[in-house]
Amino acid sequence: MLWVKSLHIVFIASWFAGLFYLPRIFVNLAMVQPDSAAERQRLLLMAHKLMRFTHILMVPALGLGLWLWLGYGIGLGPGNGWMHAKLLVVALTLGYHHACWRLLRRFVAGQNQRGHVWYRWFNEVPVVLMVIAVCLVVVKPF
Ligand code: HEM
């Protein structure tokens, strides 16, 4: 079980690395001058590669978590409010991941409507989600 939990933490950290850095690229893309096509292409290529990695890393991160929960029964059954709250955070994180994918498609189509300040705030969301998820699973407050 400890090997599964160790790998769960490693892949969670890797998945979130992508979710932390993608919006950073969006901040830069939102600041690119209209006449800087080369820079725009470079940033789009980086975002594409990172988005692909983030998709791939999400699968073992969640799969190992499900193995701990449904396989080893940790957090299963009544009296595990922390696990239910954590799953809500996971659902919000999946929503954020999907939003990143849609925003990247908008940038590719040249249809981005948002400014760099909006993306700087958007970039803070996964930080808050990770803090809540880690505190829920380590402290188990309810
Ligand atoms: C489908 C999604 C997930 C499921 C089902 C899941 C389930 C679990 C379970 C059952 C444990 C073992 C808890 C224990 O031994 O006390 C665990 C550990 C852990 N999970 Fe998840 N998890 C998921 C997603 C996440 C996410 C999104 C994060 C962080 C952002 C996360 C962070 C952690 C950490 C840090 C631990 C180690 C806690 C400890 O050793 O005390 N997990 N997870």
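This is a short tour of a predicted model, from the whole chain to the iron atom of its ligand.

**Stop 1: the chain.** Show the protein chain as a cartoon. Its secondary structure comes to five helices and zero strands. Reading from the N terminus, the elements run α-α-α-α-α. Along the principal axes, the C-alpha atoms fill a box of roughly 60 × 25 × 20 Å.

**Stop 2: the ligand and its pocket.** Select the ligand next. The space it takes is the largest pocket.

**Stop 3: the shell.** Expand the selection to the residues around the ligand. There are 18 of them, and the closest are Lys-5, His-8, Gly-65, Lys-86 and Lys-140. Which helices supply at least two residues each? Color helix H1 (2-31), helix H2 (37-71), helix H3 (81-108) and helix H5 (125-139) to see them. Now color the shell by residue class: 13 residues are nonpolar, two are polar and three are charged.

**Stop 4: the lysines.** Show the side chains of Lys-5, Lys-86 and Lys-140. An N or O atom in the Lys-5 side chain is 2.8 Å from a ligand oxygen atom. For Lys-140, a polar side-chain atom lies 2.5 Å from an oxygen atom of the ligand. Lys-86 has a nitrogen atom of the ligand as its partner, with 2.5 Å between that atom and an N or O atom of the side chain.

**Stop 5: the iron atom.** Center on the iron atom of the ligand. Which protein atoms are its donors? They are NE2 of His-8 and NZ of Lys-86, at 1.8 to 2.1 Å from the iron atom. The pair links distant parts of the chain: His-8 belongs to helix H1 and Lys-86 to helix H3, 78 residues apart.

Why is the arrangement around the iron atom octahedral? Because its six donor atoms subtend angles of 82 to 177 degrees.

Technical notes
Residues are numbered from 1 along each chain as its sequence is written. This is a predicted model: local features need pLDDT of at least 70, side-chain atom pairs count only at pLDDT 80 or more; totals for chains, interfaces and linings use all residues. Side-chain values use heavy atoms; hydrogens and water are left out. A residue is near a molecule or strand if one of its heavy atoms lies within 4 Å of it. A polar contact is a pair of N or O atoms within 3.5 Å; within protein, one must be able to donate a hydrogen and the other to accept it, and residues adjacent in sequence count only if both atoms are side-chain atoms. On a 1 Å grid over the protein atoms alone, a cavity is a set of points where a 1.4 Å probe fits but cannot get out, and a pocket is an open set with protein on both sides within 12 Å along at least five of seven lines; lining residues have an atom within 4 Å of a point. A molecule sits in a cavity or pocket if more than half of its atoms lie within 2 Å of its grid points. Helices (H or I, at least four residues) and strands (E, at least two) are DSSP runs, numbered from the N terminus. Ala, Val, Leu, Ile, Met, Phe, Trp, Tyr, Cys and Pro count as nonpolar, Asp, Glu, Lys and Arg as charged, and the others, Gly among them, as polar. Donors are N, O and S atoms within 2.8 Å of the metal (3.2 Å for Na, K and Ca); water is not among the atoms, so sites may look incomplete. Four donors count as tetrahedral if all angles lie between 85 and 135 degrees; four count as square planar and six as octahedral if opposite donors are over 155 degrees apart and all others between 65 and 115; anything else is irregular.
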